Every structure is written in structure tokens, then in C-alpha cells.
Amino acid sequence: MSTSLAELQERFQARLLKGDDAILPHLNAGGPFLKAYEYAYRARLVEILSEDFEGLHTLLGDEWFFSTMRSYVDAHPSTSPSARWLGRSVADWLRTSEDWATNSMVSSMAAFEWMLGLAFDAPNAALIEMGAVGAVPPEAWPMLTFTLHPALNTAVLDFDVSVFYRAVKAGVDPEAPPVAYDSPVTWAAWRHPDSLMVMYRALDADEAAALRAAREGQTFDALCEIIADCTDADEAAVRAAGLLRVWIESGWIIGLDANGMSW
């Protein structure tokens with residue numbers, strides 16, 4: 001029984017992606033050039049990862065980076081038609097890999113760079129302005145919830161990798177390795193609404209907790225309670241309102257709602 005071209009293509013793809021042997025009987029002389037295709041495919045995937053993780057590449061150096069990414073590709077074969085998503089598990093994989101599980105500097109760099117990439121190519125969305133907040137009636141404020149822009153992403157880091165990363169992007173040798181935090185710090189990355197450049201900054205603990213709650217759909221009243229746990233209770237509402245203003249001016253919020261109320 002003959003094998004169709006489509007079946008041969010599927011088997012060849014299965015060989016490259018999974019190491020499947022079904023294509024071997026269809027190759028002349030055992031397919032002496034098959035390894036060239038296998039090597040080229042994996043090499044291209046690693047090359048893509050080197051473009052997505054420039055800071056990590058510099059941090060590890062060529063030898064360690066390429067060997068680590070080859071191991072990653074083996075553990076996480078590409079499953080999407082777009083290679084854009086190949087690196088989505090790099091940070092999590094590094095946290096548990098045999099070589100890097102005890103070195104959170106490495107996973108922090110990967111998480112930081114992936115966050116920036118997500119902010120860069122996220123879909124666009126219409127923003128709200130401060131005038132929309134002024135239109136919210138007083139009775140709706142306790143129940144107010146927020147829809148965040150898809151370009152806004154966060155990462156919790158054990159090291160401040162930002163200085164090292166900026167040096168790499170500027171094409172200069174970093175002066176020192178990333179510095180460890182006393183406790184993990186949440187960073188945010190987003191796309192500037194006017195310049196469309198990716199921005200990023202570290203968040204204070206109360207802002208990080210409030211932003212996480214807002215992403216979960218919790219109300220403004222709940223955000224105030226979260227902030228009150230981190231600061232003077234009498235100042236919580238003022239602090240929450242100040243954060244909301246910063247979030248709107250930064251282009252982080254695209255919608256307001258209050259349990260179905262309209263105004």
C-alpha cells in the first residue's frame with residue numbers, strides 16, 4: 001500500500017518534533033542526511049530563543065545558553081504554528097531544572113524578558129481617560145471593578161535584572177551581575193499608549209497586591225482593604241485613588257464596571 005505525500009510529510013514532521021521512527025522505512029539508505037534536518041530544526045529553535053532572551057544569553061554565555069536551550073527544546077517541543085510562543089515555559093522550566101533550580105537569578109532574567117515580550121506584541125485596546133472615573137457615581141465606587149489592558153503583564157523576580165538587561169540592549173558590557181532582592185519584587189511591563197514603546201518598573205508591595213486583586217476582578221473596596229493592610233488604614237482610600245490615577249495615565253485600564261450598574 002502506497003503512502004501519500006501528506007502522510008510522508010506528517011511522518012517527517014513527527015520525526016523532527018518527537019523523534020518518531022515512522023519515516024525511516026521510507027528513506028533511501030536509512031536517510032543519511034536526516035540528522036542534518038534534525039540538527040537544523042533544533043538549531044533554528046535555539047536561535048529564536050536567543051532572540052527572545054538576549055539578557056539571559058549574555059548572563060549565561062554562549063556555551064551554557066545554547067546547551068541549556070537545547071535541553072529546554074527537548075523538554076518543551078514547539079506545539080504552536082508560531083515560534084513566538086516557544087519560550088513561554090523557559091522561566092518555569094529553569095526554576096525546576098537540574099542545572100538552574102538553585103539559581104533564581106537565571107529564572108528571574110527569563111521571566112523579566114518574557115514579560116517584556118508579551119507587552120510588546122499584545123493586542124491593542126481602547127483606553128479610558130480620567131474623565132471616565134469622574135463620571136462614576138459615589139454609590140458605585142465600592143463595587144467598581146477594572147478591566148486591564150492586555151499589554152500589561154507582571155513578573156515576580158528574586159533579582160533586579162533590569163540594570164543588566166538595559167546594558168545588554170544598549171550593546172555594552174554589564175558592569176555587574178544582577179543584585180538579589182531581600183524578598184521577591186513584582187515588576188510590571190506595558191506598552192506606552194503614545195510611543196508604543198515597552199515600559200517597565202518595579203511595584204511597591206501594596207501596589208503589586210492591589211494590581212493582582214484588580215486582575216482577579218476584585219472590587220475597589222477590596223483593593224482599599226488590601227492597601228490598608230500595607231499602610232495606614234486612614235490613608236488607604238487616598239492611596240488607592242492615587243494608584244488608580246497612575247494606572248489610567250499609564251494606559252493600564254481599558255474598562256470600568258460596577259456589578260452591572262450603568263451611568
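The lining of the largest cavity is purely nonpolar by class: nine nonpolar residues, no polar and no charged. This is a predicted model.

**The cavity**

The count of cavities of 30 Å³ or more comes to one. About 40 Å³ of space lies in the largest cavity. Its lining is made up of Phe146, Ala210, Phe220, Leu223, Ile227, Ala240, Leu243, Leu244 and Trp247. Two helices, α9 (220-228) and α10 (236-249), each supply at least two of these residues. α10 has the largest share, with four residues.

**The pocket**

The largest pocket has a volume of about 460 Å³. Its lining takes in 17 residues. Leu116, Gly117, Phe120, Tyr165 and Lys169 lie nearest the centre of the pocket. Two or more lining residues come from each of α2 (34-52), α5 (104-121), α7 (162-169) and β4 (198-202). α5 gives the most, six residues. By class, the pocket lining holds eight nonpolar, one polar and eight charged residues.

**Side by side**

| Space | Volume | Lining by class | Element giving the most |
|---|---|---|---|
| Largest pocket | about 460 Å³ | eight nonpolar, one polar, eight charged | α5, six residues |
| Largest cavity | about 40 Å³ | nine nonpolar, no polar, no charged | α10, four residues |

Charged residues mark the contrast in the linings: the pocket has eight, the cavity none.

Note on methods: Residues are numbered from 1 along each chain as its sequence is written. This is a predicted model: local features need pLDDT of at least 70, side-chain atom pairs count only at pLDDT 80 or more; totals for chains, interfaces and linings use all residues. Side-chain values use heavy atoms; hydrogens and water are left out. On a 1 Å grid over the protein atoms alone, a cavity is a set of points where a 1.4 Å probe fits but cannot get out, and a pocket is an open set with protein on both sides within 12 Å along at least five of seven lines; lining residues have an atom within 4 Å of a point. Grid points are joined across faces, edges and corners, and a volume is the space filled by probe spheres set on the points. Ala, Val, Leu, Ile, Met, Phe, Trp, Tyr, Cys and Pro count as nonpolar, Asp, Glu, Lys and Arg as charged, and the others, Gly among them, as polar.
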